[in-house]
Amino acid sequence: MVERVDEMKAILLKLKEDTLKEINKTLKSTSDLPSGEPSGDIYDQASSERDRELGFILNDREREKLRNIDEALLRIEEGDYGICEECGCDIPLGRLKVMPFAHYCVKCKEDIEKLQAQTKRFEEDRVYNEIPFGEEEEA
Ligand SMILES: [Zn+2]
């Protein structure tokens, strides 16, 4: 149990390092764009703006990842990491390695997804049933 969490902590820390590197690389490449002297070419300007935008989008995703990593590390500190929030069982290491931010074991995750699909279907049915069919006129 402890070894399992230690192994995941090492993986998460490595992941965090990689993510930070990725963010720095993006920041660097965007600030490396030729600035100051305007090229005067409208197309060049447009494409560098698009690159910058792309950099921001990528950065957002990396930041989101970083947030997930930090949250997982916090759960490790609190001793909650790798424990299914639904049934309280230990999430298998194999699953954690594939999904380091998993909150549920495979079984509970499937149950939740099934329930969500059912709820969604139920809502769709309800919307469908709310369409008036003129049942009063039924002869
Ligand atoms: Zn579970």
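**Entry 1. The core.** I took a nonpolar core to be a set of buried Ala, Val, Leu, Ile, Met, Phe, Trp, Tyr and Cys residues joined through C-beta atoms within 7 Å. The structure I examined is a predicted model. I looked up its largest nonpolar core and found ten residues: M8, L12, I69, A72, Y81, I91, L96, A102, Y104 and C105. I then checked which elements give two or more residues to this core, and these are α1 (2-31) and α2 (42-78).

**Entry 2. Confidence.** I noted an average pLDDT of 83 for the chain, with 78% of the residues scoring at least 70. Comparing the elements, I found the highest mean pLDDT, 94, in helix α3 (residues 93-98). The lowest mean, 82, belongs to α2. I kept in mind that predicted coordinates should not be read in detail where pLDDT is low.

**Entry 3. Layout of the chain.** I counted four helices and zero strands. Read from the N terminus, the order of elements is α-α-α-α. Of the 139 residues in the chain, I recorded 8% as buried. I also looked at contacts with a separation of 6 or more, and 58% of them join residues 24 or more positions apart.

**Entry 4. A72 and P100.** I listed the contacts of A72, setting aside its neighbours within four places in sequence, and obtained L12, Y81, P100 and F101. Two of these partners, L12 and Y81, are themselves listed in the largest nonpolar core. I followed P100 next and located it in the loop between α3 and α4. Is P100 buried, exposed or partly exposed? I class P100 as partly exposed because it has 17 C-beta neighbours inside 10 Å, whereas a buried residue needs 20 or more. Beyond residues up to four places away in sequence, P100 touches M8, I11, L12, L15 and A72. I also took the C-alpha separation of P100 and I69, which is 8.1 Å for residues 31 apart in sequence.

**Entry 5. Two exposed residues on α1 and α2.** I found K21 in helix α1 and R67 in helix α2. K21 is exposed, since 11 other C-beta atoms lie within 10 Å of its own. R67 also counts as exposed, because it has 12 C-beta neighbours inside 10 Å and the class admits 12 or fewer. For K21 I noted a C-alpha distance of 10.0 Å to E62, which is 41 residues away along the chain. For R67 I noted a C-alpha distance of 9.4 Å to K16, and this pair is 51 residues apart along the chain.

**Entry 6. Helix α4.** How far apart are the end C-alpha atoms of helix α4 (residues 106-129)? I read 34 Å. At 1.5 Å a residue, the 24 residues should span 34 Å, so the expected and modelled spans agree. I then asked how many residues of α4 are buried. The count is zero among its 24 residues, and I therefore recorded α4 as hardly covered.

Technical notes: Residues numbered from 1 in each chain as written. Predicted model: local features only at pLDDT ≥ 70, side-chain atom pairs only at ≥ 80, totals over all residues. Contact = placed C-beta atoms within 7 Å. Expected span 1.5 Å × (residues − 1). pLDDT = per-residue confidence, 0-100.
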